[in-house]
Amino acid sequence: MAPRITMSLTAGGEFEIYLNDEGRNLLIQKLQSIGERNDHFHLVAWYDAEVRLGKVAYRPSDKIIDAAKILFRTDEWDRQHYPHVLDDKN
């Protein structure tokens, strides 16, 4: 079966990811492949995507997320460019 990954926001604003076995395996593979040299990948709902997202909501009240990016950032990178994200108060 083809990978199936659907990302959505519930009516209450909660982020959810639905996936089948193949979708889980693909997402894990992509997550394990990112690092300092290959620092991101895209998830989108169109045909030629790196990781293709589903376009059909599980519940009528869900809002489908049809494009996303996952980025890898080291602590050193964040310390230099976005030090506020390392603040323990957040």
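A salt bridge here is a side-chain nitrogen of Lys or Arg within 4 Å of a carboxyl oxygen of Asp or Glu. With that in hand, let us walk through this predicted model, starting with one such pair. Asp-21 forms a salt bridge with Arg-24, and their closest N and O atoms are 3.6 Å apart. Both residues belong to helix α1, where a spacing of 3 residues amounts to about one turn of the helix.

**The chain as a whole**

Let us step back for a moment. The chain holds 2 helices and 6 strands, and from the N terminus on they follow the order β-β-α-β-β-β-β-α. Its radius of gyration is 15 Å, well over the 12 Å that the globule rule gives for 90 residues, so the chain is more spread out than a compact globule. Along the principal axes, the C-alpha trace spans about 40 × 30 × 20 Å.

How much of the chain is buried? Buried residues account for 29% of the 90 residues. The surface that the chain exposes comes to about 6,700 Å², with carbon and sulfur atoms supplying 52% of it. As for contacts between residues at least 6 apart in sequence, 45% of them join residues at least 24 apart.

**Charges and their pairs**

The chain carries 12 positive and 15 negative side chains, and the centres of these two sets lie 4 Å apart. Side chains of opposite charge can pair when their charged atoms come close. A search of the whole structure turns up 5 salt bridges, including the three in this table.

| Salt bridge | N to O distance | Accessibility of the Asp | Accessibility of the Arg |
|---|---|---|---|
| Asp-21 and Arg-24 | 3.6 Å | Asp-21, 48% | Arg-24, 38% |
| Asp-39 and Arg-73 | 2.8 Å | Asp-39, 24% | Arg-73, 30% |
| Asp-62 and Arg-59 | 3.2 Å | Asp-62, 9% | Arg-59, 32% |

In the pair within helix α1, Asp-21 is partly exposed, and Arg-24 is partly exposed as well.

Which parts of the chain does the bridge between Asp-39 and Arg-73 tie together? The side chains of Asp-39 and Arg-73 meet at 2.8 Å, N to O. Asp-39 sits in the loop between α1 and β3 (40-44) and Arg-73 in the loop between β6 (67-71) and α2, so the pair ties together parts that are 34 residues apart in sequence. At 24% relative accessibility Asp-39 counts as partly exposed, as does Arg-73 at 30%.

The remaining pair in the table joins a wider group: Glu-16, Arg-59 and Asp-62 are linked in a network of salt bridges. Within this network, Asp-62 counts as buried because its relative accessibility is 9%, under the 20% cut-off. Arg-59 is partly exposed at 32%.

**Two residues in the helices**

Asp-78 lies in helix α2 (residues 75-81). What is the nearest side chain of opposite charge to Asp-78? That side chain is Arg-73, 5.4 Å away, and Asp-78 is buried yet has no salt bridge. The separation exceeds the 4 Å limit for a salt bridge. Leaving aside neighbours within four places in sequence, Asp-78 is in contact with Arg-73, Pro-83, Val-85 and Leu-86.

Our last stop is Gln-32, found in helix α1 (residues 21-33). Is Gln-32 buried or exposed? Gln-32 counts as exposed, with a relative accessibility of 66%. Gln-32 and Ile-17 are 15 residues apart in sequence, and their C-alpha atoms are 18 Å apart in space.

Definitions and conventions: Residues are numbered from 1 along each chain as its sequence is written. This is a predicted model: local features need pLDDT of at least 70, side-chain atom pairs count only at pLDDT 80 or more; totals for chains, interfaces and linings use all residues. Side-chain values use heavy atoms; hydrogens and water are left out. Helices (H or I, at least four residues) and strands (E, at least two) are DSSP runs, numbered from the N terminus. The radius of gyration is taken over C-alpha atoms; the globule rule is 2.2 Å times the number of residues to the power 0.38. Buried means under 20% relative accessible area, exposed over 50%, partly exposed in between (1.4 Å probe, protein chains only). Contact means heavy atoms within 4.5 Å. Accessible areas come from the Shrake-Rupley method with a 1.4 Å probe; for residues, only the protein chains shown count as cover. Lys and Arg count as positive and Asp and Glu as negative; His and the chain ends are not counted. The place of a charge is taken as NZ of Lys, CZ of Arg, CG of Asp or CD of Glu.
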